[in-house]
Amino acid sequence: MSQFSFTAEELSALVARKSQLNAPNQEIQHLLTDSRKITDAKSSVFFALKGSRDAHQYIPALYQAGVRTFIISDLSFNVTDFSEGNFIWVADTTLAMQEIAKAHRCKFAYPVIAVTGSNGKTIVKEWLYQLLAPDYDIVRSPKSYNSQIGVPLSVWQMSDDYNLAIFEAGISSGNEMQHLAAIIKPDIGVLTNIGAAHDEGFASRDEKLHEKLKLFKDARLVVINQQFKDALEPSKNTFTWSLNDETADLYVVKITHKISFTSIHAKYKNEEISVNIPFSSLASIENAVICWAVLLSQNVAQVQIEKRMQKLLQVKMRLELKTGINQSAIIDDSYNSDFSSLDIALDFLNQQNQYPTKTLILSDIHQSGKANDELYRDVAMLLTNKGVDRFIGIGADLKRFSSVFPVHSVFYNSTDQFIENFRSSDFKNETILLKGSRDFGFERISKMLTQKVHETVMEINLNAILANLKHYKAKLRPGVKLMAMVKAFAYGSGSDEIANLLQHHRVDYLAVAYADEGVALRQAGIKVPIMVLSPEVSSFESIVEHNLEPELYSPRILDAFVDFLNSKNAQFYPIHIKVDTGMHRLGFDFKDINALIVKLKTNTSVLVKSVFSHLVASDNDAHNSFTLKQISDFELFVNRLQSNLDYTFLRHILNTSGISRWPQAQFEMVRLGIGLYGIESIETEKALLEPVVSLKTTISQIKELEKGETVGYSRKGVMQHKGKTATVKIGYADGYPRALGNGVGKMLVNGVLAPTIGNICMDMTMLDISGIETSEGDDVIVFGEGFSVYELAEQLDTIPYEVITNISQRVKRVYYYE
């Protein structure tokens, strides 16, 4: 932003119930809602938003970091220790942020386009940006910032540097859109479609349609599908489009699929016009037609539309976290480069603690709205504020403004020049963020920096993990802590990456199975308390050295650990006591309690941090009485123990399904395991979780075989008909079991389930793809969208836990984050 928007005093006048301003003239440029994502502390205002945690607790750390203005709702918050701070008390901090964004929006008179709908909002917004960028300096929503918090943050970006704004708005229930409409105040409204997304928040699709259309109440024009036009006020000015109604302003009459593009023919003002787009899916065609309609409504010449539409670029909305060469990690965002998305990507970079150095490789930013000198000065300041250790700039503009960047920066005129000078030994023990405009071809750099592995990939959706975490946190009473299980390589998903994400989002505890897993997490920069579930006497040295907290489950293991601590003269080392209430796997029995009390009272070397047990059948109604007895027995045990110790400890017994079914037994902490990864044994919960993991491979070769020919080892596979087989790059060494051979297992090939044929090999599997249109090199879904891990587990007569934890670590993990 080229100038500040408000002073602290002006913000107070807008929203305060009361205020204490020690620096009323403080200039505010940034709205801060996450204490971990500071861009410029001095010019930020922090909103203590309501959530699963009380955000007021982060104020001291933010003040220490340089933030001086705070908007809070806790009337009892003590501000006496913040002598330079500005404190503004409001009834609701989210509403206050929205009011401030509204006031900011009113400063600008240039046109605003607002996009809403069930699907395609972000694609349409980004394509409109691509199509209109030659004519306007455009400010737009970063990524998919379209919520009650995302919209104010998007509108806050408006400044005199721009002459057009494009924002998206999303809702999940009724009575939400009027707040977003008042903030955006759109001149032009765009409705993408009305589909199944968020149906649960509305009584009907019709109610959802009318709620979304509230966004356009005061818009001068609405671009809308002809079938939804009647839902608007009759007086509303519209531009309609349709794929099947010839009364629409833009009526699509024919769609022709070519090898590398799709040709869309339509009627407009009694003339036939057409565009070509480099996409073929129905969703892409519909999104392109919507953009076409918007451009026609704004009198963009059809000849210009044709040229621009054929150059539309794929919108890549997620970051990829990959394993890199020489003990490094690669964050690949190599198709998108603008200031807002750079800010977001740098926050994701800062979440990663696996390696000591954080490196950014950035291309020139092709962004409208700012002069280059101002833009790159802002970029340089952003890198400093975000703590980037090493910067590599690629492009003529960056090189021209190299003087504004820190001294430890290197610049290249082009991607080709970088590649010519590339030495793999220059990149090691670091996390590298690749951020490039598409025309710089950073995918070539990504291939050079990424560790080479075979083409079977396990994809982990980090946004889904966060959504599932939020789902379970919402079930907890205020103050109940959460321990997240990251044992068994985080259920196959990758411990370092998942633990970093969970640490960033402030889980209270992590749990691993063995000490070496905890050591690896400490070496990856994890500082959250870590409980070791199965400590061995031989691991005690490593446990203490890396500040891990052992589960002690028997008199033998407790005695051994106390003896070890006494040999080290250690005092009050944190431990966790496991109680057996019916699992009969590990744990102290009731007969042990007297000796346990004596041991704990007479040894100051240990300090009990928690006492816990494990439910046997928390998901099963048939065993409710047993579960209740477990909970009752656990309470008896911990009450007896607590009454004999002169300090308190945490109690926990609930696992994933227990969190859902037994809220009365939350005690002070719960343990979240497989539910975090999108898998539940309770049917009603399954649909509420987001799938986290998918497994994909590729077709190496396709063969045409005659009836009676055999496939694979021992000639177990026999072609029952003339047809085709595909050999895919996954076998039992990757975790695809031999039990799935000979037609037991299936994989999804271009949307069709193809059975295995023949025995599963160590590194390969053969599929019968007779009748399926596909080609060598095409992707094949082992499990994921269209064929769930539950279905694969059914083929094996096992549980999803076993499926995902059996996927070999040689299978490349790729992490996605939007």
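User: Happy to dig into this one! Which handedness does the β-α-β unit of strand 28, helix 21 and strand 29 have?
Analyst: Helices (H or I, at least four residues) and strands (E, at least two) are DSSP runs numbered from the N terminus. A crossover is right-handed if, with the strands pointing away from the viewer, the path from the first strand over the helix to the second runs clockwise. By that test, strand 28, helix 21 (residues 593-601) and strand 29 form a unit that is right-handed.

User: Good start. What kind of model is this?
Analyst: Residues are numbered from 1 along each chain as its sequence is written, and side-chain values use heavy atoms, with hydrogens and water left out. Local features need pLDDT of at least 70 and side-chain atom pairs count only at pLDDT 80 or more, while totals for chains, interfaces and linings use all residues, since this is a predicted model.

User: Back to strand 29: which residue of it is the bridge partner of Lys578?
Analyst: Two strands pair if DSSP finds at least two bridges between them. Strand 28 (residues 573-578) and strand 29 (residues 606-612) run parallel, with six bridges. In that pairing, Lys578 is matched in strand 29 by Phe612.

User: And on the strand 30 side, which residue is the bridge partner of Ser610?
Analyst: Strand 29 also pairs in the parallel sense with strand 30 (residues 650-652), over three bridges. Helix 22 (residues 624-644) joins these two strands in another right-handed β-α-β unit. Across the bridges, Ser610 is partnered by Leu650.

User: How many of the seven residues of strand 29 are buried?
Analyst: Buried means under 20% relative accessible area, exposed over 50%, and partly exposed in between (1.4 Å probe, protein chains only). On that scale strand 29 is mostly covered, and the number of its seven residues that are buried is five.

User: Let's look at strand 32. Which residue of strand 39 is the bridge partner of Leu695?
Analyst: Strand 32 (residues 693-705) runs antiparallel to strand 23 (residues 457-461) over four bridges, where Val457 stands opposite Lys696. Strand 32 also has six antiparallel bridges to strand 35, with Lys703 opposite Thr725. Four more antiparallel bridges link strand 32 to strand 39 (residues 779-783). There, the partner of Leu695 is Phe783.

User: How far apart are the end C-alpha atoms of helix 4?
Analyst: Helix 4 (residues 121-132) has twelve residues, and the expected span is 1.5 Å times one less than the number of residues. That gives an expectation of 16 Å, which agrees with the separation of its end C-alpha atoms, 16 Å.

User: How many of the twelve residues of helix 4 are buried?
Analyst: The buried residues of helix 4 include Lys121, Glu126, Trp127 and Leu132. Contact means heavy atoms within 4.5 Å, and what covers these buried residues includes strand 8 (112-116), strand 10 (164-168) and helix 8 (282-297). Of the twelve residues, the buried ones number eleven.

User: How many residues does the second, separate core have?
Analyst: A nonpolar core is a set of buried Ala, Val, Leu, Ile, Met, Phe, Trp, Tyr and Cys residues joined through side-chain atoms within 4.5 Å. In the largest core, of 130 residues, those that touch the most other members are Val379, Ile465, Leu502, Leu510 and Phe783. Leaving aside neighbours within four places in sequence, Leu502 is in contact with residues including Ile465, Val486 and Leu676. The second core, which includes Val124 and Val294, has a residue count of 42.

User: What angle lies between the planes of Phe87 and Trp89?
Analyst: Rings of Phe, Tyr and Trp (its six-membered ring) pair if their centres lie within 6.5 Å; planes under 30 degrees apart count as stacked, over 60 as edge-to-face and the rest as tilted. The whole structure has 27 such pairs. Phe87 is buried at 0% relative accessible area, and Trp89 is buried at 4%. Their rings make a tilted pair, 6.4 Å centre to centre, with the planes at 35 degrees.

User: Now the backbone: what is the phi of Arg506, roughly?
Analyst: Most residues other than glycine have a negative phi. Arg506 sits in the loop between helix 17 (495-504) and strand 25 (509-512) and is partly exposed, at 23% relative accessible area. Although Arg506 is not a glycine, its phi is positive, at about 60 degrees.
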